Each structure stands twice: as structure tokens, then as C-alpha cells.
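Colleague: Could you take me through how to read a ligand site and a domain arrangement in a model?

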Amino acid sequence: MSLDWIQPAQRLRSLPPYVFARLDELKARAREQGLDLIDLGMGNPDGPTPAPVVAAAAAAIEDVANHGYPPFEGTASFRRAITAWYHRRYGVKLDPEGEALPLLGSKEGLTHLAMAYINPGDLALVPSPAYPAHFRGPAIAGGQIYDLILKPDSGWLIDLAAIPDQVADRAKILYFNYPSNPTAATAPREFFADIVAFARKHEIILVHDLCYAELAFDGYQPTSLLEIPGAKDIGVEFHTLSKTYNMAGWRVGFVVGNRHIIQGLRTLKTNLDYGIFAALQRAAETALQLPDVYLSEVQARYCKRRDFLIQEFASLGWDIPKTKATMYLWVPCPVGVSSTDFALSVLQQTGVVLTPGNAFGKGGEGYVRVSLIADCDRLGEATERLRKANIRYQPEPASV
Ligand SMILES: *Cc1c(COP(=O)(O)O)cnc(C)c1O
């Protein structure tokens with residue numbers, strides 16, 4: 001029997017093709033050939049979850065009180081830990097009863113927020129390049145996406161003045177993310193004030209993804225959206241425990257901010273899931289209460305890798321500015337080579353996996369993202385392989 005009639009809904013078919021799929025295929029083939037892959041492609045932190053967090057989870061799993069369905073809106077004590085952490089960190093008071101909602105990882109919340117607020121045809125303003133959930137969420141919801149193309153000469157900041165008034169007036173939602181994945185760019189506080197003013201003027205829901213709140217270096221402190229006066233009237237901010245606490249597999253994140261915006265997401269989620277296993281919420285609370293010395297250790301680890309890799313790339317002709325945050329370097333491809341071609345040829349020649357920049361939208365073309373998710377020895381091995389394969393930065397198109 002032909003099964004051609006089993007077709008996914010339009011909302012799936014309209015999604016842009018997944019660049020990672022082809023890369024995965026080639027990775028699998030390279031592995032079969034016995035190639036020792038150095039995977040710097042994913043944003044998956046390589047360290048263990050802190051021991052006190054694992055211990056708290058183990059104890060909480062033993063507690064029968066945690067075995068049933070958790071409350072839809074998350075446990076009260078995790079919500080209180082979120083708002084206490086937020087106050088300690090940013091000096092802003094939030095109500096744990098409506099201004100904080102635990103999520104099954106922030107990706108889940110970022111995507112579901114779009115489904116809670118975007119009708120088919122609604123306009124979403126999304127930077128390009130961006131973390132894929134920022135444009136895939138609105139696309140799944142049937143929204144129309146207006147790309148805010150980011151450029152290196154403006155430090156990968158959104159150029160708000162370049163958005164035509166009629167586009168801004170039609171827009172329902174704007175996603176943004178600084179420190180940024182994939183560009184590693186940071187935004188000054190004045191930019192946050194400008195974007196809040198812009199969203200208020202044009203009545204746009206402002207969604208900030210601050211998943212690299214803690215992975216910042218050299219004393220730099222990322223700005224939180226809710227530190228900006230007036231932001232809470234129109235905005236929400238997403239956080240995750242995945243990166244800071246090496247908890248990517250645990251699936252814990254949260255959203256804070258405007259209670260009405262959060263309520264829509266909560267209503268949708270009430271129909272979809274029961275939230276996070278209560279034992280894991282207990283563990284997540286422990287993570288948010290860890291002493292700051294833990295953060296300094298994590299920051300020092302990524303900072304050392306950043307310095308090492310920037311220096312290694314410099315010896316291969318790349319001039320990469322020192323990043324102030326995130327676990328990525330955003331590296332230009334040799335001039336005239338596309339992101340996909342460059343990433344594929346590096347993989348085939350060296351077994352080093354990089355992410356092609358166009359996986360983050362067309363604004364990422366011409367770049368690859370390198371994740372700092374291996375120790376310096378391994379990063380050194382990766383650049384050594386590039387050297388041997390004579391892969392270097394070419395500021396001029398190669399003559400064929
Ligand atoms: C890693 C990442 C996330 C995903 O976090 P989870 O909480 O693990 O879903 C969200 N946003 C950005 C920008 C990320 O880099």
C-alpha cells in the first residue's frame with residue numbers, strides 16, 4: 001500500500017531545511033571509516049553537572065513526595081529559588097506566583113511562546129543569524145518571519161533604525177539574544193534601553209534569550225532585559241541551566257518577566273505537559289544556590305579555551321576578536337567559500353566538526369561556529385589537523 005497520503009502538516013513542511021541533517025550524515029560516515037572526530041559543532045557543554053546538584057537530585061529521587069505529577073506551574077520552591085536568584089543577580093524583584101515559570105529547557109519555552117502568541121500570518125522580527133528556535137518557533141506557529149540581518153561592522157547588533165515603521169507596526173513579537181549564539185556578540189546596556197523603547201512604541205512583545213547570563217569573561221556582566229525600566233511591561237526573558245551548570249541533559253530552564261505574557265505560555269503548556277520531574281526541580285534549586293566560586297571556575301575554563309583557540313587560529317591567518325561571553329567563536333570562512341562547503345571540507349579533510357553559519361539563518365552565511373567544548377589539548381589537536389591540511393584563512397578568493 002502506498003503511504004504517500006501520510007504527509008506531515010503544513011507547519012512542518014514549511015520549516016527551512018535542517019542544515020545539521022547533512023552534517024550528521026557525513027559525521028556518521030566519517031565515524032564508520034574510523035576517523036577520530038573532534039566535534040566542535042554542538043553547543044553541548046562537556047563538563048559534569050556540579051556534585052552538589054547531582055547529590056540533591058539523588059536524594060530527591062528517593063522522596064516519594066516527588067513521584068507524582070508535579071504542579072503545572074512548577075514547584076513553589078523552585079519558583080522562589082528562581083526569583084531569589086534573579087534578585088541576587090540583578091537586583092530586580094519578581095513575583096514567584098506569576099512572573100517566573102519553570103520550563104523543560106528554554107528551547108521548549110521559546111518555541112511554545114511563539115505558538116501561544118502567533119497567529120498564521122502574524123509578523124515576527126527575528127535576527128539572522130539566530131538560535132534556530134527563535135525563527136523555527138514562529139515558523140511552526142505559521143508566522144511570517146522578517147529577518148533582521150546582522151552585520152559584522154555593527155558588532156552583530158540589531159539595527160533598529162533600519163526596520164521600516166510599517167514593518168515595526170505590524171510586528172507582534174521580537175526575539176533577541178545577547179550574549180549571542182552564534183556570533184558571541186554582546187550588547188551594551190544602551191542597546192537594551194533602545195530596544196525596550198522600540199518595542200513599547202510599536203507594541204511588540206519582546207523576548208530576550210539570556211542563556212549565557214553567566215558564561216562571561218574578563219569581568220563583563222551581561223545585561224538582563226528586566227533591569228531596564230519599563231521592560232517588564234512588554235517583555236520576558238528566558239534562562240537555562242544547561243550551559244552554566246552543565247545540565248543540558250536535565251532539561252531545565254525558566255522564563256521570567258511580564259505575567260500576562262507568561263500566562264499565555266502557561267495556558268498552552270497546561271495542555272501539553274506536566275512540567276519538570278519534581279526531583280529535578282529540587283536539584284535545579286540547588287544549582288541556582290551554588291556559591292559564586294563555582295561560576296568563576298566555569299568561566300575560567302571557557303576563558304582559557306577562548307584565549308588558546310584565538311591564538312591558534314591567529315597562527316592560521318584568522319584575526320578573531322576576543323569574545324566577552326558565550327562558549328563559541330564565530331569564524332569567517334575563507335573568502336569565496338560558503339559556510340556549508342567550508343564546514344564539509346574541514347570535516348572530510350580533518351575530522352573536525354564545525355557548524356556552518358547558515359544553520360542559523362541566511363545572515364550566518366560566510367561564517368562557521370566553533371564551540372569551546374573540548375579541553376585545550378583537543379582544541380590544539382583540531383588546529384594541528386587544519387594546519388596539516390593547509391586550511392587557513394584566505395582573505396582573497398582562491399584562484400581555481
Ligand atoms: C543552548 C541554547 C538554548 C537552549 O537551552 P535549553 O535550556 O537547553 O533548551 C537556548 N538559547 C540559546 C541561545 C542557546 O544557545
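Modeller: We will look at the ligand and its surroundings, and then turn to the domains, keeping in mind that this is a predicted model.

Colleague: Which residues come nearest to the ligand, and how does the shell around the ligand divide by residue character?

Modeller: One begins with the neighbours and then sorts them by character. Here 13 residues surround the ligand, and Ser106, Asp209, Thr240, Ser242 and Lys243 come nearest. The shell divides into three nonpolar, six polar and four charged residues.

Colleague: Which side chains place an N or O atom within the 3.5 Å limit for a polar contact with a ligand oxygen?

Modeller: Such a pair is read from the distance between the two atoms, with 3.5 Å as the limit. In this model, the side chain of Thr240 has an N or O atom 2.5 Å from an oxygen atom of the ligand, the corresponding distance for the side chain of Asn181 is 2.7 Å, and for the side chain of Lys243 it is 3.0 Å. As for burial, the ligand taken alone exposes 390 Å², of which the protein buries 95%.

Colleague: In which pocket does the ligand sit?

Modeller: The ligand sits in the largest pocket.

Colleague: How is the protein chain divided into domains, and how many residues does each domain bring to the contact?

Modeller: A domain may be assembled from separate segments of the chain, as the bounds of domain 1 show, with 15-44 + 293-388, whereas domain 2 covers 51-288. The contact between them takes 29 residues from domain 1 and 32 residues from domain 2, and the C-alpha centres of the two domains lie 26 Å apart.

Notes. Residues numbered from 1 in each chain as written. Predicted model: local features only at pLDDT ≥ 70, side-chain atom pairs only at ≥ 80, totals over all residues. Heavy atoms only, no water. Near = heavy atom within 4 Å. Polar contact = N/O pair within 3.5 Å; in protein donor to acceptor, adjacent residues only side chain to side chain. Areas by Shrake-Rupley, 256 points an atom, 1.4 Å probe, with all protein chains shown as cover. 1 Å grid on protein atoms, 1.4 Å probe; cavity = no way out; pocket = protein on both sides within 12 Å on 5 of 7 lines; lining within 4 Å. Sits in = over half its atoms within 2 Å of the grid points. Nonpolar A, V, L, I, M, F, W, Y, C, P; charged D, E, K, R; others polar. Domains from an automatic or database assignment. Contact = heavy atoms within 4.5 Å.
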